[in-house]
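Biologist: Before I plan anything at the bench, I would like to go through this chain with you, question by question. Could you show me the sequence and the structure?

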Amino acid sequence: MDTQPIRIMIVDDEAGFTRLLKLTLEGTRRYVVKEVNDGTEALAAARAFRPDLILLDIVMPKMDGGDVARQITSDPLLKSVKIIFLTAIISQKEAGAAGGIGGFPFMAKPVSLAALTAMIDETLGIA
């Protein structure tokens, strides 16, 4: 039985980070990944790509992750898209102690592939 790959969009202003994360996630053969390196382009990109889940940086120039999340959740076409914040502004220990940011789960950068895929599965309700 063939299952469709999970569609993930990464929104982060660090192009090197998004490229590495895209290659790492796609290497599992479970995901199709789109990179967006400007928060102001995230809504249009999400409408075109229709992701199942968005990995979203919080601190970005022009438009921060909180504003991007509000745009996504306010859009009728995208309001069911799951969001996980990825941030370097807190440590992994702090991330474990807190529950989420604005009602969304989050992970501290750097993230391990195992921890990230586990959170993706949990957020999407897979296994």
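Biologist: Is Asp121 buried or exposed?

Modeller: This is a predicted model, and what I say about Asp121 rests on its computed relative accessible area, which comes to 16%. The cut-off for that class is under 20%, so Asp121 counts as buried.

Biologist: Which residue forms a salt bridge with Asp121?

Modeller: Asp121 lies in helix α5, and its partner is in the loop between α1 and β2 (31–36), so the pair ties together parts that are 91 residues apart in sequence. The partner counts as partly exposed, at 30% relative accessibility. The closest N and O atoms of the pair are 2.6 Å apart, and the residue that forms this salt bridge with Asp121 is Arg30.

Biologist: How many salt bridges does a search of the whole structure find?

Modeller: The bridge between Asp121 and Arg30 is one that I have already described. A search of the whole structure gives a total of 9.

Biologist: Which residues do salt bridges with shared partners join into one network?

Modeller: Lys109 forms a salt bridge with Glu14, with 3.8 Å between the closest N and O atoms, and this pair links the loop between β5 (106–108) and α5 (113–124) to the loop between β1 (6–11) and α1 (15–26), 95 residues apart. The side chain of Lys109 also meets that of Asp57 in a salt bridge, at 3.6 Å from N to O, and here the link runs to strand β3 (residues 53–57), 52 residues apart. Through shared partners, the network joins Asp12, Glu14, Asp57 and Lys109.

Biologist: Of Lys109, Glu14 and Asp57, which count as buried and which as partly exposed?

Modeller: Asp57 has a relative accessible area of 4% and is buried, and Lys109, at 14% relative accessibility, also counts as buried. At 42% relative accessibility, the residue that counts as partly exposed is Glu14.

Biologist: Which peptide bond is cis, with omega near -5°?

Modeller: The bond leads into Pro110, whose place is in the loop between β5 and α5. Lys109, which takes part in the salt bridges with Glu14 and Asp57, lies in that loop as well. With omega near -5°, the cis peptide bond is the one from Lys109 to Pro110.

Biologist: Where does Arg50 lie, and what is its phi?

Modeller: Arg50 is found in the loop between α2 and β3, and it is partly exposed, with a relative accessible area of 42%. Arg50 is a residue other than glycine, yet its phi is positive, near 55°.

Biologist: With which side chains does the side chain of Asp38 make polar contacts?

Modeller: Asp38 sits in the loop between β2 and α2, where it counts as buried at 12% relative accessibility. One polar contact of its side chain, at 2.7 Å, is with the side chain of Thr40. Another, at 3.1 Å, is with the side chain of Lys62.

Biologist: Is Lys62 buried or exposed?

Modeller: Lys62 lies in the loop between β3 and α3, and its phi is near 75°, a positive value in a residue other than glycine. The cut-off for this class is over 50%; with a relative accessible area of 71%, Lys62 is exposed.

Biologist: Which element gives the largest share of the largest nonpolar core?

Modeller: In soluble globular proteins, nonpolar side chains tend to be buried together. The largest nonpolar core here has 22 residues, of which Met9, Val11, Ile54, Leu56 and Ile72 touch the most other members. The elements that give two or more residues to this core are β1, α2 (42–49), β3, α3 (65–74) and β4 (82–87), and the largest share, 5 residues, comes from α2.

Biologist: How many residues make up the other core that lies apart from it?

Modeller: Among the members of this other core are Leu21, Met107, Val111 and Leu116. The number of residues in it is 17.

Biologist: What pattern does the chain follow, read along the sequence?

Modeller: The chain has 127 residues, of which 43% count as buried, and it contains 5 helices and 5 strands. Read along the sequence, these elements follow the pattern β-α-β-α-β-α-β-α-β-α.

How values were computed. Residues are numbered from 1 along each chain as its sequence is written. This is a predicted model: local features need pLDDT of at least 70, side-chain atom pairs count only at pLDDT 80 or more; totals for chains, interfaces and linings use all residues. Side-chain values use heavy atoms; hydrogens and water are left out. A salt bridge is a side-chain nitrogen of Lys or Arg within 4 Å of a carboxyl oxygen of Asp or Glu. Helices (H or I, at least four residues) and strands (E, at least two) are DSSP runs, numbered from the N terminus. Buried means under 20% relative accessible area, exposed over 50%, partly exposed in between (1.4 Å probe, protein chains only). A nonpolar core is a set of buried Ala, Val, Leu, Ile, Met, Phe, Trp, Tyr and Cys residues joined through side-chain atoms within 4.5 Å. A polar contact is a pair of N or O atoms within 3.5 Å; within protein, one must be able to donate a hydrogen and the other to accept it, and residues adjacent in sequence count only if both atoms are side-chain atoms.
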